[in-house]
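This report is addressed to a reader who is meeting the structure for the first time. It turns to the cysteines, then to the strands, the nonpolar core and two loop residues.

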Amino acid sequence: VHHGLWEGCHVSKNSNHIVQFGPSYDDKDHPAFIEERRPQHDGENFEGKTHYSYFYDYSLDKVTYQEYSKDYPHIQYTVGMAGRPSGPDFYINKIDNSMIHGPGGQTNRDDFHNEADPCFGKVIDVKSLEILKEIDNIPMDPERGFELQYPVIIKKSQVLVHSDHPEKGWEGVEQEWRAVYQGDKVKHGEDDVGPMEGVGNYVERNADAERQ
């Protein structure tokens, strides 16, 4: 996020169980990766490279460790990293994918020692869920598998924490959250970087709901 690499990434797959986002791997002229959306890196020249090359050149194309915790299964609307090893693509689980994205869920040569996809977040706000439904209404390109006929592009990605002074906000509008920019230091215990209030025990709350 702080490297600006997610800007310009697009929905690369919209299947029945996930919607996946990622960079272009082989098309330098992909509509999701036009010139003005290319991240800037200290004046370095990336001319002629694909969007994926930005991730690779900064060693951010794969996770360092294929991390997974049973406390955070791939239930509906959670967010996971795609691939083994995972990255840079990520996806949103449209249904409960705890089995197929959990340990031993991928029965292929890339699934070593019952690994699982990292699960690192969850979509929680109503507006974002509405956007997922809107994406589902976009027709598929029959010549490109599960790729959408019209590109859906990430315009901006930010890390948000609770605002120190929500009453000040932006242009007079009170804001509960503020952005953390590259180089900012988040002080532990003062800024709530997660889990957000009311979200930390979603696994337990979901289990209680199912029992009821």
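The structure, which is a predicted model, holds 0 disulfides. A disulfide is a covalent bond between the sulfur atoms of two cysteines. Cys9 has a relative accessible area of 0% and is therefore buried. Cys119 is also buried, with a relative accessible area of 15%.

Cys119 lies in strand β5, opposite Gly80. The partner strand, β3, spans residues 78-81, and both of its faces are covered. On one side Thr78 and Gly80 are buried, and on the other side Val79 and Met81 are buried. Strand β5, residues 119-122, pairs with β3 in the antiparallel sense through 3 bridges. Strand β4, residues 90-93, is likewise antiparallel to β3 and is joined to it by 3 bridges. In that pairing, Val79 stands opposite Ile92 of β4.

Ile92 also belongs to the largest nonpolar core, which has 17 residues. Together with Val11, Val19, Phe21 and Phe90, Ile92 is among the residues with the most contacts inside this core. The elements that contribute two or more residues to the core are β2 (18-22), α1 (51-57), β3, β4 and α2. In soluble globular proteins, nonpolar side chains tend to be buried together.

Beyond its neighbours within four places in sequence, Val11 is in contact with Val19, Gln20, Phe21, Ile135, Glu147, Leu148 and Val152. Two of these residues, Glu147 and Leu148, recur among the contacts of Asp141, which, with the same neighbours set aside, also touches Gln149. Asp141 is placed in the loop between α2 (126-136) and β6 (159-162).

A second loop residue, Tyr77, is found between α1 and β3. Where is Tyr77 in relation to Ile95? The two residues are 18 residues apart along the chain, and their C-alpha atoms are separated by 7.0 Å. With neighbours within four places in sequence left aside, Tyr77 is in contact with Ile92, Asn93, Lys94, Lys122, Val123, Leu129 and Leu132.

The following table sets out the accessibility of the individual residues discussed above.

| Residue | Relative accessible area | Class |
|---|---|---|
| Cys9 | 0% | buried |
| Cys119 | 15% | buried |
| Asp141 | 18% | buried |
| Tyr77 | 24% | partly exposed |

Buried means under 20% relative accessible area. Asp141, at 18%, therefore counts as buried, whereas Tyr77, at 24%, counts as partly exposed.

Definitions and conventions:
Residues are numbered from 1 along each chain as its sequence is written. This is a predicted model: local features need pLDDT of at least 70, side-chain atom pairs count only at pLDDT 80 or more; totals for chains, interfaces and linings use all residues. Side-chain values use heavy atoms; hydrogens and water are left out. Buried means under 20% relative accessible area, exposed over 50%, partly exposed in between (1.4 Å probe, protein chains only). Helices (H or I, at least four residues) and strands (E, at least two) are DSSP runs, numbered from the N terminus. Two strands pair if DSSP finds at least two bridges between them. Contact means heavy atoms within 4.5 Å. A nonpolar core is a set of buried Ala, Val, Leu, Ile, Met, Phe, Trp, Tyr and Cys residues joined through side-chain atoms within 4.5 Å. A disulfide is a pair of cysteine sulfur atoms within 2.5 Å.
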